[in-house]
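Please look over the structure below before reading the notes, which are grouped by topic for use at the bench.

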Amino acid sequence: MKHLIAPSLLAADFCKLAVEVEMLNGSEADWIHIDIMDGQFVPNISYGFPVLDAIKGLVTKPLDVHLMILEPQHYIKRFRASGAASITVHVETCVHLHSTLQQIKETGAKAGVALNPHTPISEIEHVLDDVDLILIMSVNPGFGGQKFIYRSLHKIAELRTHLITRNLSAHIQVDGGVGLHNAERILQAGADVLVAGSAIFKADAPTDYIHRLKSLGADTILI
Ligand code: DX5
Ligand code: ZN
């Protein structure tokens with residue numbers, strides 16, 4: 001299974017966003033990860049529709065939108081209109097998770113569900129058939145540049161085992177503190193989409209860093 005790389009734009013230099021997007025367009029990045037924060041579900045506010053609308057005509061890769069907002073069901077259509085190819089909601093924010101996932105799919109976007117570090121896999125057991133991706137948070141959501149929580153490796157392996165048992169092909173995306181120092185272990189645990197923000201954008205040569213992440217060869221061994 002060849003893994004995908006999704007650089008998080010949160011760590012980009014916003015004074016030269018067009019240059020950063022062009023860099024990603026010319027790189028081996030598969031998706032561009034977009035972190036939306038509302039200052040309610042997470043203690044930070046990132047960026048929103050005007051920024052997405054500005055870059056959607058520039059990007060040549062799918063926009064992978066990660067909603068860290070309360071009541072995300074009110075904004076699904078709007079994010080789709082702003083270019084989202086996939087929309088991921090947090091299980092902790094959705095009273096009617098199944099319905100919200102269906103709503104995402106009805107827009108034509110891929111549907112994802114995200115889990116905070118403390119949230120068990122069992123929370124999403126009954127929607128695994130309904131999602132295109134599961135995002136395992138490996139830091140507490142809200143900020144880039146945090147340290148990877150190594151306990152997440154067990155969660156990834158547990159989820160991969162569930163997907164194999166049920167013959168499901170949803171992506172397992174890992175987000176937070178990911179870089180060349182731990183990417184191989186994350187892939188071996190069973191993930192297949194790596195989100196990385198600061199590791200990529202703080203690198204001397206981001207395009208080369210993405211290439212190195214993409215070139216890792218790691219068979220799933222479920223740790
Ligand atoms: C954190 C966000 C992440 C963040 C990752 O709440 O969901 O996508 O941008 O940043 P790094 O890779 O710097 O931990
Ligand atoms: Zn994210």
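Ser-138 touches Lys-147, Phe-148, Ile-149, Ser-152, Val-174, Asp-175, Gly-176 and Val-178, when residues up to four places away in sequence are not counted. The model is predicted, and the notes below take up Ser-138, the zinc ion, ligand 1 and helix H4 in turn.

**Ser-138 and its surroundings**
- Ser-138 is placed in the loop that runs between strand S6 (133-137) and helix H5 (152-165), and one of the residues that Ser-138 touches is Ser-152.
- With a relative accessibility of 0%, Ser-138 counts as buried, because the cut-off for a buried residue is under 20% relative accessible area.
- Asp-175 is among the contacts of Ser-138, and Asp-175 also appears among the residues that coordinate the zinc ion (ligand 2).

**The zinc ion (ligand 2)**
- The zinc ion (ligand 2) is coordinated by His-33 through NE2, by Asp-35 through OD, by His-66 through ND1 and by Asp-175 through OD, at 2.0 to 2.3 Å.
- The site of the zinc ion (ligand 2) is octahedral, with six donor atoms and angles of 69 to 167° among them.
- For comparison, ideal angles for six octahedral donors are 90 or 180 degrees.
- Along the chain, the donors of the zinc ion (ligand 2) follow the spacing H-x1-D-x30-H-x108-D.
- Among the coordinating residues, His-33 is buried with a relative accessible area of 0%, and Asp-35 also counts as buried, at 4% relative accessibility.

**Ligand 1**
- Ligand 1 is surrounded by 20 residues, of which the closest are Asp-35, Gly-142, Asp-175, Gly-197 and Ser-198.
- Asp-35 and Asp-175, which are listed among these closest residues, also coordinate the zinc ion (ligand 2).
- A polar side-chain atom of Asp-175 is 2.6 Å from an oxygen atom of ligand 1.
- Backbone atoms take part as well: an N or O atom of the Gly-197 backbone lies 2.7 Å from an oxygen atom of ligand 1, and a polar backbone atom of Gly-145 is 2.8 Å from an oxygen atom of ligand 1.

**Helix H4**
- In helix H4 (residues 97-106), the buried residues are Leu-97, Thr-100, Leu-101 and Ile-104. These buried residues lie on the same side of H4, because they cover an arc of only 100° around the axis.
- The buried residues of H4 pack against helix H3 (76-81), strand S4 (84-90) and strand S5 (110-115).
- Gly-108, which follows H4, has a positive phi, near 95°.

Methods. Residues numbered from 1 in each chain as written. Chains lettered and ligands numbered in written order. Predicted model: local features only at pLDDT ≥ 70, side-chain atom pairs only at ≥ 80, totals over all residues. Heavy atoms only, no water. Buried < 20%, exposed > 50% of the residue type's maximum accessible area, 1.4 Å probe, protein only. Helix = DSSP H or I, 4+ residues; strand = E, 2+ residues; numbered from the N terminus. Arc of directions from axis to C-beta. Contact = heavy atoms within 4.5 Å. Donors = N, O, S within 2.8 Å, 3.2 Å for Na, K, Ca; no water. Tetrahedral: all angles 85-135°; square planar, octahedral: opposite > 155°, others 65-115°. Near = heavy atom within 4 Å. Polar contact = N/O pair within 3.5 Å; in protein donor to acceptor, adjacent residues only side chain to side chain.
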